[in-house]
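Please open the structure in your viewer and keep the selection panel at hand. The tour below proposes one selection after another and says what is to be found at each stop.

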Amino acid sequence: MTTADYEITSGAARAVITRIGAGLRAYEVAGVPYLETFPEGEHPPLGAGAVLVPWPNRVDGGVWRWQGTEQHLPITEPDRGHAIHGLVRNHEWQVLDHKADRIELAIDIPVQPGWPVALRTTIGYVLDEKGLSVTHGVENLGEAAVPFGVGTHPYPRAGNSVRQESELQLAGNTVLPLDPETLMPSGPAVPVEGTEYDFRKPRSLADYDLDTPFGDCQPEADGLIHHRLTSPHGGIEMWADPDFRWVQAFTPPAFPGRADGVVAFEPMTCPPNALNSGEDLITLEPGQSWSGRWGLHPLV
């Protein structure tokens with residue numbers, strides 16, 4: 001089995017998609033990187049670029065209930081005892097279409113321990129003069145309704161700038177408090193107004209340590225949600241469909257090759273532990289499908 005990743009290009013823009021997991025490994029324009037990257041063939045560090053289906057973030061103890069039956073997912077975050085970031089990150093996806101400037105991939109999620117209804121999920125990446133657009137699709141292949149969520153885990157960067165000189169702007173109007181040990185929700189989301197978590201206007205990342213879910217992301221006049229990372233040397237904008245009403249901001253203490261720090265802002269359709277809370281889950285009846293889009297646009 002070949003392990004080479006997939007490349008798409010359009011003009012001066014280039015993106016790389018991993019064969020395992022169909023994640024976004026690189027995005028650059030005219031040689032300027034707008035995404036943290038990692039070497040081909042290596043496991044994505046800290047979930048970089050991963051596709052998170054059929055749930056983003058964490059499920060408490062890997063346990064949730066479906067139609068009155070307790071479901072036990074594999075524990076994939078053993079330090080905290082949770083199931084994290086879905087079921088498709090470590091599998092090879094099927095290529096449905098691959099042209100110079102686009103690629104579409106798919107994978108089936110079979111019935112398995114902890115997941116009771118088969119799904120088919122697709123992802124399409126397209127480059128054009130406006131930037132990179134990503135389209136997720138989910139189809140219920142089973143015979144019963146099932147809830148799910150979708151997310152992704154990019155680490156955008158403001159071109160050649162470092163995190164300490166960058167400012168982050170998020171569309172989130174609420175913040176979800178988390179237990180610092182378990183990273184599970186410790187109460188309902190609260191307004192960001194008047195708190196240190198109000199990123200609705202750009203705030204410097206120099207003094208922030210975030211692993212924080214923001215909710216109630218509202219679209220702007222164009223009908224899309226917008227998040228931005230800017231610096232004196234340029235920036236990057238993330239846009240998303242209204243279904244991506246959550247975003248997780250994450251500033252890890254270390255990232256391979258980037259001693260000066262990085263930031264992830266992860267579009268999600270639902271918050272952490274949504275399979276238990278039910279908050280903002282999407283439910284598909286048998287044969288039903290859903291799709292949602294997000295993308296990246298360099299700010300020069």
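A residue is called buried when its relative accessible area is under 20%, exposed when over 50%, and partly exposed in between, with a 1.4 Å probe and protein chains only. The model is predicted, so local features need pLDDT of at least 70 and side-chain atom pairs count only at pLDDT 80 or more, while totals for chains, interfaces and linings use all residues. Residues are numbered from 1 along each chain as its sequence is written, and side-chain values use heavy atoms, with hydrogens and water left out.

Begin with residues 246-250, strand β23; strands are DSSP runs (E, at least two residues), numbered from the N terminus. Five of the five residues of β23 are buried, so the strand is largely enclosed by the rest of the structure. Trp246, Gln248 and Phe250 point one way from β23, whereas Val247 and Ala249 point the other way.

Add residues 211-215, strand β20, which pairs with β23 in the antiparallel sense over four bridges; two strands pair if DSSP finds at least two bridges between them. Here Phe214 stands opposite Val247. Then add residues 264-268, strand β24, which runs antiparallel to β23 and is joined to it by five bridges, with Gln248 opposite Glu266.

Next, select residues 6-10 and 13-17, strands β1 and β2, which pair in the antiparallel sense over five bridges; Ala13 is the bridge partner of Ser10. They belong to an open sheet of four strands, in the order β1-β2-β3-β4, with antiparallel pairing. β1 and β4 (32-33) stand at the edges with a single partner strand each, so one side of each is left without a neighbour in the sheet.

Now show Cys217 and Cys270. With a disulfide taken as a pair of cysteine sulfur atoms within 2.5 Å, the count comes to zero. The sulfur of Cys270 is 13 Å from the closest cysteine sulfur, in Cys217, too far for a bond. Cys217 is buried at 3% relative accessibility, and Cys270 is buried at 1%.

Finish with Ile20, Pro44, Ala48, Ala50 and Arg89, which lie nearest the centre of the largest cavity, among its 15 lining residues. A cavity is a set of points on a 1 Å grid over the protein atoms alone where a 1.4 Å probe fits but cannot get out, and lining residues have an atom within 4 Å of a point. The volume of the largest cavity, the space filled by probe spheres set on points joined across faces, edges and corners, is about 100 Å³.

Methods: On a 1 Å grid over the protein atoms alone, a cavity is a set of points where a 1.4 Å probe fits but cannot get out, and a pocket is an open set with protein on both sides within 12 Å along at least five of seven lines; lining residues have an atom within 4 Å of a point.
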